[in-house]
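Subject: Structure handover

Hi,

Here is the structure I promised you. My notes follow below it.

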Amino acid sequence: RLDRIGAGGPFRFTATADMKDSSRNIAVVDQGGLTLPDRDYYLKDDARSTALREAYGEHLRKMFGLLGAGAEEAAAQARAVVEIETGLARGSLDRVTRRDPARRYYKMTRHELGSLAPEFAWDVYFEAAGAPAFESLNIAAPPFLRRLDEMLNRRPRAEWRAYLTWRLLHSQAANLPEAFRREHFEFFGRRLTGRREQPARWKQCVAAVDAALGEDLGRRYVERAFGERDKKRMLGMVEALAKALEKDIAELPWMSAATRRQAVAKLRAVTHKIGYPERWRDYTALEVARGDAVGNQMRAAEFAWKERIGKIGTPVDATEWRMTPPTVNAYYSALENNINFPAGILQPPLFDREMDDAVNFGAIGAVIGHELTHGFDDQGRKFDSQGNLRDWWTAEDAREFEKRAECFVRQYEEYEAVPGVKLNGKLTLGENVADAGGVRLAYLALLAELAGKPAARVDGFTPEQRFFLGWAQVWCQNRTEEYARRQAITDPHSPGRWRVNGVVSNMPEFREAFGCRAGDAMVREQPCRVW
């Protein structure tokens, strides 16, 4: 029941495309159950991590107290939650390990799952979850389930009740009376990310509607903010970037003809989704009641749950979106081999219909190239043109890729998120490779677009300089130190400063555009490049 209403328990149950047969959806059981952002928050023993865990325990105690527990009972419940989550963290795979899709694919029968973790009543759970009949599933993290099984056998039921109560309380904290909301913000907003104040009420309301009724909200957004002219211009840029990537693949000196053919076949199979879905989701069955915030959120979560779990065993619908139309983001799906650009991302500074091609290619063009390159980064390259986990590289080409990728690992591990906190080059590898590839491809596409046209200066800058300024504008940001620390541990994207400077310092095109010399800060002595 907690899973169905969005609270969640100690593991994740869902449905996704089968990595080895991407045309069909498969049931998946995966690690989960943590409240803090990452397993390392529970396991590191430095002074900062220890102090944060103590603050988290105090937050738990206060929240249980607000729920009505006495001082002693609240303290005991808080301890139980911290201990259970720490146990789950000890069984969890780290984020770098999970970047390898092969480490997240262990297809088993339901009987084998029962043997792996016999303390849990899996058949009872699947029936209560409303899952359709299925015989096999992907166990994405077997060590985690073995750890969970040990804990179910060892820890008293009273502790599990406290933990599950916390899951429900935490999931609804934003919808409860002010005392709960304030205490929730004090820890998760102020302490964990450095926020000084809660987001404006209207922003919280829009976010809630986007989470629950995203495509209904998206229809209204698209009607007001996104036209066919924008979609047509975007598709034109996508085609230009895809053409640039195919030319780049054809000219790579380190790739053999056999791998090159497969790479081109995969690129040509990429489908492009721009703006909004072909078919809007029907929310008729979802009851929304005025004055019932908690009930509305629970019913919305259950509506989404039924839709998702009902996909088990069905063909994959590649026309569906994993982001709502107003979202300011984009993604590449390795399992569907498609790139997706919601209407929300097509606004300044990423896309400006009043700006010239140089700026737009440097901004949204580089993001398009970024998503295309994800199909060939350290994760995406392991999937074929049909979205199946299959090694289509020659052994020599794979070694050449790894050698070039390692250059990016070393480069970004030189950078600091905040003083004393270095970036994780392996965690951010895919995004850094995609940034580098995306900017280079967008630059090539711009040059093709400008061929034969006069290179007019605007505000004193050449088109080539404006291209790089467009890329830099995209990643301007303000961050608190707390947020930067959290990002360094959990986010596969590098901070904005290094998404800009890390990329362009590798590019002779940037060096030429701004007249940089060898030895200058923005010129790397040993530049990194994969694509």
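The largest cavity has a volume of about 60 Å³. Keep in mind that this is a predicted model. The residues lining that largest cavity are A417, L423, N424, L427, T428, A484, Q487, A488, D491, H493, S494 and P495. Helix 17 (residues 481–490) gives the most to this lining, with 3 residues. By class, the lining has 6 nonpolar, 5 polar and 1 charged residues.

A search of the whole structure turns up 2 cavities of 30 Å³ or more. The second largest has a volume of about 30 Å³. Its lining consists of F408, V433, A436, G437, R440, C528, R529, V530 and W531. Here helix 15 (residues 429–450) provides the largest share, 4 residues. The class split is 6 nonpolar, 1 polar and 2 charged.

Now the sheet. It is open, built from 4 strands in the order 1-2-4-3, with mixed pairing. Strand 1 (11–18) and strand 3 (107–109) are at the edges; each has a single partner strand, so one side of each lacks a neighbour in the sheet. From one strand to the next, the twist averages 40°.

Strand 3 pairs with strand 4 (residues 136–139) in the antiparallel sense, over 3 bridges. To find one of them, start from K107: its bridge partner in strand 4 is N138.

Finally, look at helix 6 (residues 142–154). Helix 6 lies across strand 1, strand 2 (21–31), strand 3 and strand 4. It runs at about 35° to strand 2.

Best wishes

Technical notes
Residues are numbered from 1 along each chain as its sequence is written. This is a predicted model: local features need pLDDT of at least 70, side-chain atom pairs count only at pLDDT 80 or more; totals for chains, interfaces and linings use all residues. Side-chain values use heavy atoms; hydrogens and water are left out. Two strands pair if DSSP finds at least two bridges between them. Helices (H or I, at least four residues) and strands (E, at least two) are DSSP runs, numbered from the N terminus. Axes are lines fitted to C-alpha atoms, for helices over the stretch in contact, and angles run from 0 to 180 degrees between N-to-C directions. Contact means heavy atoms within 4.5 Å. On a 1 Å grid over the protein atoms alone, a cavity is a set of points where a 1.4 Å probe fits but cannot get out, and a pocket is an open set with protein on both sides within 12 Å along at least five of seven lines; lining residues have an atom within 4 Å of a point. Grid points are joined across faces, edges and corners, and a volume is the space filled by probe spheres set on the points. Ala, Val, Leu, Ile, Met, Phe, Trp, Tyr, Cys and Pro count as nonpolar, Asp, Glu, Lys and Arg as charged, and the others, Gly among them, as polar.
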